[in-house]
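Colleague: I'd like to learn how to read a model like this one, from the overall fold down to a single side chain. Could you walk me through it?

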Amino acid sequence: MGGMNVQFEIQEKVSTCLRPWQRSFQFWVRAVDIYTGYKVFQLRVGFVKNVQKQEAMWERQHEFAAEKIYNMCSDLGGFLLKVAQLIGKPDLAPAAWVRRLVTLCDQAPATPYNVIRAVLEKDLDRSIDELFERFDVDPLGSASIAQVHRARLKGDKKDVVKVQHPGVQELMMTDIHNLQAFVLYLQKMDIKFDLYSLTKEIEKQIEYEFNFLREADAMNRIRRFLYENNKKSPVMVPRVIRDIVTRLIC
């Protein structure tokens, strides 16, 4: 019965991630609402002649829009969390957006432990009790692609294990393609610089992040370079344990 519950949780998690039309609908409803809010505001503020009053009105509009952007990114997660983290930096967006979105940087939702355990056991083809002396139920942290758990392999020292959220690649690709369509529209209607090329470059780079085998190889190369060329490495680089590295686990 417990195994059936775990499988149900995995299927529910993955099926939620793999409903692109639902995510797309939610994205477009919210994005169009934010965009039209600004267009209507531009018409309204045009009737105000006092510059100081205009600035105050713009600040309130940015605060109003920031709350909507925050809710969209928080509710949908996925790649939109990365977008929030990117524009939640000074000089990249209105100050009101930055103040609101910066709080999303460490709020990626965690995948339930039962789902993480099932991913580990399926990918490694062994039970978690066979592999680990200890594996903490609560993650140390969760990001948009994966989460990290403190653990200890049998016969080894203290370790941490990073596990990819099930279905996250399909979810994030849906988000990126929606965003690309939206910025293409913005470029035709409102903005004069090439945001679309930026999103294409992000798409190319982020695809690498889903392959933890590639990440493990990069960590090994960096570790070897630093430790071979310095009496004492200026930074600590994690030691990769090859026995538990897969495309989804590192």
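Modeller: Happy to! Start with the secondary structure: the chain has 10 helices and four strands, where helices (H or I, at least four residues) and strands (E, at least two) are DSSP runs numbered from the N terminus. This is a predicted model, in which local features need pLDDT of at least 70, side-chain atom pairs count only at pLDDT 80 or more, and totals for chains, interfaces and linings use all residues. Residues are numbered from 1 along each chain as its sequence is written, and side-chain values use heavy atoms, leaving out hydrogens and water.

Colleague: In what order do the helices and strands follow each other along the sequence?

Modeller: The pattern reads α-α-α-α-α-α-α-β-β-β-β-α-α-α. The C-alpha trace spans about 75 × 55 × 30 Å along its principal axes.

Colleague: What percentage of the residues count as buried?

Modeller: Buried means under 20% relative accessible area, with a 1.4 Å probe and protein chains only. Here 38% of the 250 residues meet that.

Colleague: Now a single residue: is Gln-180 buried or exposed?

Modeller: Gln-180, in helix α8 (residues 168–189), is buried because its relative accessible area is 6%.

Colleague: Which residues does Gln-180 touch?

Modeller: A contact means heavy atoms within 4.5 Å. Leaving aside residues up to four places away in sequence, Gln-180 touches Tyr-196, Thr-199, Lys-200 and Glu-203.

Colleague: And which side chain shares a polar contact of 2.8 Å with that of Gln-180?

Modeller: That is Glu-203. A polar contact is a pair of N or O atoms within 3.5 Å; within protein, one must be able to donate a hydrogen and the other to accept it, and residues adjacent in sequence count only if both atoms are side-chain atoms.

Notes:
Buried < 20%, exposed > 50% of the residue type's maximum accessible area, 1.4 Å probe, protein only.
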